[in-house]
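Student: I am new to this structure. Please take me closely through one part of it, the place where the ligands sit, and then show me what lies around it.

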Amino acid sequence: MRVSKPVVTLDQVVIRFAGDSGDGMQLTGDRFTSDTAMLGNDLRTLPNYPAEIRAPQGTVPGVSSFQLHFGDHHIQTPGDAPDVLVVMNPAALRANMADTPRGATIIVDKDEFTTRNLSKVGYATNPIEDGSLDSYKVHALPLTSMTVGALAHLKLTRKEAERSKNMFALGLLSWMYHRPTTLTENFLTAKFGKKPQILEANLTAYRAGWNYGETTEDFAVSYEVKPAPMEAGVYRNISGNVALSYGLIAAAEIAGVQIFLGAYPITPASDILHELSKLKKFGVITFQAEDEIAGVGAALGASYGGGLGITTTSGPGIALKSEAIGLGVMLELPLVIVDVQRGGPSTGLPTKTEQSDLLQAMYGRNGESPCVVLAPATPSDCFDMAIEACRIALEYRTPVFLLSDGYIANGSEPWRIPSVESLPEIKVNLATVPNGENGEFLPYLRDPETLARAFAVPGTKGLEHRIGGVEKADRTGTISYDPANHDFMVRTRAAKVGGVKVPDLVIDDPSDCAEVLLLGWGSTYGPIWSAVQVLRETGHNIAQAHLRHLNPFPKNLGDVLHSYKKVILPEMNLGQLARMLRGEYLVDVVAFDQVRGMPFTTEQIVNAALEVLNV
Amino acid sequence: MSEVTLTKKDFTSDQEVRWCPGCGDYSILSAMQSFLPELGLPREKIVFISGIGCSSRFPYYLETYGMHSIHGRAPAIATGLAVSRPDLSVWVITGDGDALSIGGNHLIHALRRNADLKILLFNNRIYGLTKGQYSPTSEQGKITKSSPYGSLDTPFSPISLALGAEASFVARTVDSDRKHLTETLRAAAEHKGSALIEIYQNCPIFNDGAFDQIKDSDTRDEVLLRLEHGQPITSASHGVISDERGLLEVKPLSEIDQSQIVIHDAHIQDPTYAFALSRISDSSLEHVPVGVFRDVERAPFSQLVHEQIDAVIAKEGKGQLAALLNGGDTWQVE
Ligand SMILES: Cc1ncc(C[n+]2csc(CCOP(=O)(O)OP(=O)(O)O)c2C)c(N)n1
Ligand code: SF4
Ligand SMILES: [Mg+2]
């Protein structure tokens with residue numbers, strides 16, 4: 001379908017779809033995102049939904065939203081504030097007005113603005129009519145009745161017909177921003193192919209929304225956003241959880257080992273379990289365990305058998321797994337622990353993002369129990385870091401934490417698909433013959449380079465031996481309570497993890513003379529990068545560096561930190577990495593913290609940086 | 001595998017055994033070392049995984065692969081191993097505290113799934129390693145260090161628990177009866193899927209004599225009800241009969257007719273009968289059935305897991321990494 005109205009070209013747009021949890025806002029956002037990705041725009045997304053599956057209808061806590069930022073240039077955040085807010089009911093308006101700047105476009109389903117719905121969220125008068133939205137561009141449309149009208153020819157109840165109103169809205173927005181329609185049509189056909197009635201309803205509503213934009217006088221212009229310049233290649237849009245799942249599969253393929261995922265469902269990590277469960281054709285074993293402890297235990301058992309044991313969870317699950325992870329440290333077996341962090345403590349904010357499990361991953365076990373800790377920076381980086389986690393786990397025989405979070409797990413971005421040949425190598429090197437001077441097998445004899453111990457899996461003839469959580473003698477691995485041996489083994493395990501080879505920290509400073517460094521780790525990469533661009537455009541010299549390896553740190557980190565007058569460190573916790581850096585390098589980093597369950601906005605980081613830059 | 005002829009010595013590791021003198025664990029270890037050659041498997045194909053407790057030291061003393069893990073988690077760890085390595089023979093060694101307190105959840109779920117594990121539960125009705133606190137199988141009122149005025153907890157039966165958890169093989173034996181113990185190990189080894197064997201084990205240090213009635217030659221034959229498939233269930237003095245409601249009762253042989261005595265059938269699919277048998281002995285150990293309570297066929301977990309993977313591959317083809325990465329909606333940037 002082609003748009004005939006006048007076209008205005010924009011360089012970027014932030015759209016937020018908001019409605020009741022039952023209104024299908026996540027699907028609407030996902031579809032708009034896929035269509036946008038296909039047009040070659042760069043983009044980032046932020047799904048934001050309540051913890052309750054069906055929170056009370058029409059209430060503020062029940063509002064679900066999806067924000068998408070797309071543009072003709074590099075985009076690294078879902079946008080600070082919406083340019084266009086689509087609201088399906090008064091609760092959605094109530095919940096999102098504070099974030100919406102004056103002058104923004106608001107598209108409203110006015111059918112839902114009934115006295116009853118208004119009073120549910122405390123509106124004494126109808127904001128569409130009482131002038132309170134005068135400083136916005138408001139399009140109050142009868143979305144529900146237009147949808148029902150468009151579907152009149154189908155034998156549907158009103159309730160059934162109303163369900164397609166999100167598709168009407170999607171059609172309208174697709175018209176406004178010239179999104180292609182074939183993808184969504186194909187998607188709907190694949191999804192509802194077996195239910196012709198529902199398929200027909202959704203397609204009809206979607207096209208009706210598009211046609212409405214084309215014919216109504218309410219919308220005088222439409223917009224286009226040119227493709228962003230991107231490196232040549234084949235792209236797809238990908239969320240962090242899917243990228244992470246694919247990274248695990250890729251690592252297992254490269255290493256030639258079988259994946260065993262032991263997991264217990266928990267938001268926002270469950271989607272990795274769901275994704276891998278679909279991929280049995282790769283020989284993946286997925287094991288939905290009776291609890292988190294069994295999940296990690298079974299994964300460890302599979303690793304002991306020569307597989308790649310993986311366990312996926314969120315903060316509360318890590319708390320339960322701690323003892324078994326300690327066993328992994330002692331047994332020196334490969335183990336990948338994925339923590340998709342969410343707001344804590346306790347159940348906390350299950351569907352919101354946070355970075356507050358760093359210290360738990362680092363220190364949350366009894367004894368001196370070092371683990372490797374990694375953190376992906378963006379949704380697509382989850383792919384690379386999952387491979388890196390598996391590589392380190394298999395080559396060094398150690399538990400490795402991968403700290404993702406709710407924001408990058410559910411958020412998505414375009415990803416240049418790598419060729420299989422370009423992926424890194426992983427060498428497992430299992431022991432197959434005795435390694436002792438007298439023809440015996442010494443399971444705790446180490447590779448002098450990596451300090452990884454000799455690993456013989458059950459089934460290997462002649463290398464039968466016993467391992468366990470009790471302290472072991474160096475080399476032989478037999479039980480040892482000898483004080484000197486324990487001291488040696490504790491230090492050796494620490495040295496092994498401390499000696500894992502990680503790439504140096506890369507500094508981005510086009511001026512080459514910045515005195516302030518903006519440092520980050522994990523999912524704060526996007527807002528920090530965007531803030532740095534803004535600061536540089538306004539004449540400030542500022543350097544940026546991002547840690548993806550948190551234990552061990554890159555070897556050059558100390559020198560880097562000491563070479564700046566000030567180091568600013570935004571974190572979605574109360575300064576956990578700041579504490580580690582102060583302890584390790586005696587550098588008084590300027591911690592900038594927030595725990596609001598939402599990623600930083602670019603503006604917040606710009607302002608925090610300006611406070612330091614302007615002194 | 002028939003070329004492999006190993007002996008007890010081949011399965012004895014060089015580690016010094018460190019249980020207290022007279023501990024029942026010694027006789028179980030010795031019986032196991034003697035039995036293992038019967039499996040007809042090379043040593044490297046056998047794995048013992050234990051939790052924590054005196055009994056859980058067991059794997060160190062066997063010249064096979066072995067893991068001494070953490071408290072209560074052995075069934076979970078072993079499930080991961082057994083599922084990913086169906087070529088191995090995987091044994092779990094656990095205690096009454098390890099399996100029934102801290103690890104109760106893993107035990108019931110391993111049994112429910114029918115994971116390919118032979119689980120040996122050493123029941124000494126006490127926490128041995130932590131020096132004598134009451135356990136989930138200790139009798140109510142037991143005086144221990146942590147219950148100087150008597151324990152208040154009602155004990156439960158591992159056999160009843162296992163049956164409630166859909167276990168496909170459940171048996172009970174006694175540490176001191178080497179012949180019966182070995183027969184029970186053999187039956188468990190032949191079973192496909194999970195097998196739970198409760199082994200009454202004496203702890204001479206913290207719970208000495210807990211099983212004297214069923215061990216002493218003067219009382220033993222009166223107390224033990226030996227379960228043999230196809231045979232009437234009797235002790236020297238008593239027989240098991242079924243009342244009009246289908247419940248099982250133990251009556252003096254003098255009061256009942258031989259024809260009334262229940263003929264043991266371990267292969268009944270419905271666990272109700274085996275459960276009724278498991279209720280005959282309460283913690284007073286007046287009448288104690290030993291032998292195989294239940295032995296029914298059910299697809300083992302690893303078989304199901306691998307059949308499913310094979311079926312998916314047969315239908316969808318083997319996964320291709322490049323195709324996976326390039327799946328979904330893609331676009332080309334020149
Ligand atoms: C997480 C944890 N909690 C507590 C302990 C202490 N602990 C070790 S063994 C044990 C009880 C063992 O009893 P049981 O399983 O009956 O084994 P037994 O020693 O009697 O053979 C306890 C409480 C532990 N090792 N780990
Ligand atoms: S404390 Fe009891 S169970 Fe433990 S080794 Fe000594 S006798 Fe055996
Ligand atoms: Mg015990």
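Tutor: Start with B:Asn124. One of its polar side-chain atoms lies 3.0 Å from an oxygen atom of ligand 1. Keep in mind that this is a predicted model.

Ligand 1 sits between chains A and B. There are 17 residues around this ligand, and the nearest are B:Cys54, B:Ser55, B:Asp96, B:Gly97 and B:Asp98. Two of these five also place a polar side-chain atom by an oxygen atom of ligand 1. For B:Ser55 the distance is 2.8 Å. For B:Asp96 it is 2.6 Å.

Now look at the metal. Ligand 3 is a magnesium ion, and its protein donors are B:Asp96 through OD, B:Asn124 through OD1 and B:Ile126 through O. These donors lie 2.0 to 2.2 Å from the ion. Along the sequence, the donor residues follow the spacing D-x27-N-x1-I. B:Asp96 and B:Asn124 thus appear twice in this picture: both are donors to the magnesium ion, B:Asp96 has its polar atom by ligand 1, and so does B:Asn124. Are B:Asn124 and B:Ile126 buried or exposed? Both are buried.

B:Asn124 has a third partner. It belongs to the residues that surround ligand 2. The others there are B:Trp19, B:Cys20, B:Cys23, B:Cys54, B:Gln201, B:Cys203, B:Pro204, B:Ile205 and B:Phe206. Sort this shell by class and you get eight nonpolar residues, two polar ones and no charged ones. B:Cys54 is worth a second look: it is in the shell of ligand 2, and it is also among the residues that come nearest to ligand 1.

Next, B:Arg125. This residue is not a glycine, yet its phi is positive, at about 55 degrees. It lies in the loop between β4 and α5 of chain B. Its relative accessibility is 6%, under the 20% cut-off, so it counts as buried.

The loop between β4 (118–123) and α5 (158–164) of chain B also holds B:Thr137. Why does B:Thr137 count as buried? Because its relative accessibility is 3%. Its side chain makes two polar contacts with other side chains. One is with B:Asp96, at 3.2 Å. The other is with B:Asn123, at 2.8 Å. Leave out neighbours within four places in sequence, and B:Thr137 is in contact with B:Asp96, B:Leu100, B:Asn123, B:Arg125, B:Pro155, B:Phe156 and B:Pro158. So the trail returns to B:Asp96, a donor to the magnesium ion, and to B:Arg125 with its positive phi.

Step back to another element of chain B, strand β10 (residues 288–295). Seven of its eight residues are buried, so the rest of the structure largely encloses this strand. Strand β5 (residues 169–174) joins β10(B) through four bridges, and these two run antiparallel. In that pairing, B:Val170 stands opposite B:Arg294. Strand β7 (residues 224–227) also joins β10(B) through four bridges, but here the two run parallel. B:Leu225 stands opposite B:Pro289.

Finally, a few points in chain A. Helix α10 (residues 270–277) has A:Ser270, A:Ile272, A:Leu273, A:Glu275 and A:Leu276 buried. Their cover includes helix α9 (240–255) and the strands β10 (259–263), β11 (285–288), β12 (308–313) and β13 (335–341) of chain A. A:Pro268 lies in the loop between β10 and α10 of chain A. The peptide bond joining A:Thr267 and A:Pro268 is cis, with omega about 0 degrees. A cis bond also runs from A:Gly344 to A:Pro345, with omega near 0 degrees. A:Pro345 is in the loop between β13 and α13 (358–363).

A:Asp512 has a positive phi too, about 65 degrees, and is not a glycine. This residue is in the loop between α16 (483–498) and β18 (516–521) of chain A. Here the relative accessibility is 70%, so A:Asp512 counts as exposed. Set that beside B:Arg125, which counts as buried at 6%.

Definitions and conventions. Residues are numbered from 1 along each chain as its sequence is written. Chains are lettered from A and ligands numbered from 1 in the order in which they are written. This is a predicted model: local features need pLDDT of at least 70, side-chain atom pairs count only at pLDDT 80 or more; totals for chains, interfaces and linings use all residues. Side-chain values use heavy atoms; hydrogens and water are left out. A residue is near a molecule or strand if one of its heavy atoms lies within 4 Å of it. Ala, Val, Leu, Ile, Met, Phe, Trp, Tyr, Cys and Pro count as nonpolar, Asp, Glu, Lys and Arg as charged, and the others, Gly among them, as polar. Donors are N, O and S atoms within 2.8 Å of the metal (3.2 Å for Na, K and Ca); water is not among the atoms, so sites may look incomplete. Buried means under 20% relative accessible area, exposed over 50%, partly exposed in between (1.4 Å probe, protein chains only). A polar contact is a pair of N or O atoms within 3.5 Å; within protein, one must be able to donate a hydrogen and the other to accept it, and residues adjacent in sequence count only if both atoms are side-chain atoms. Contact means heavy atoms within 4.5 Å. Two strands pair if DSSP finds at least two bridges between them.
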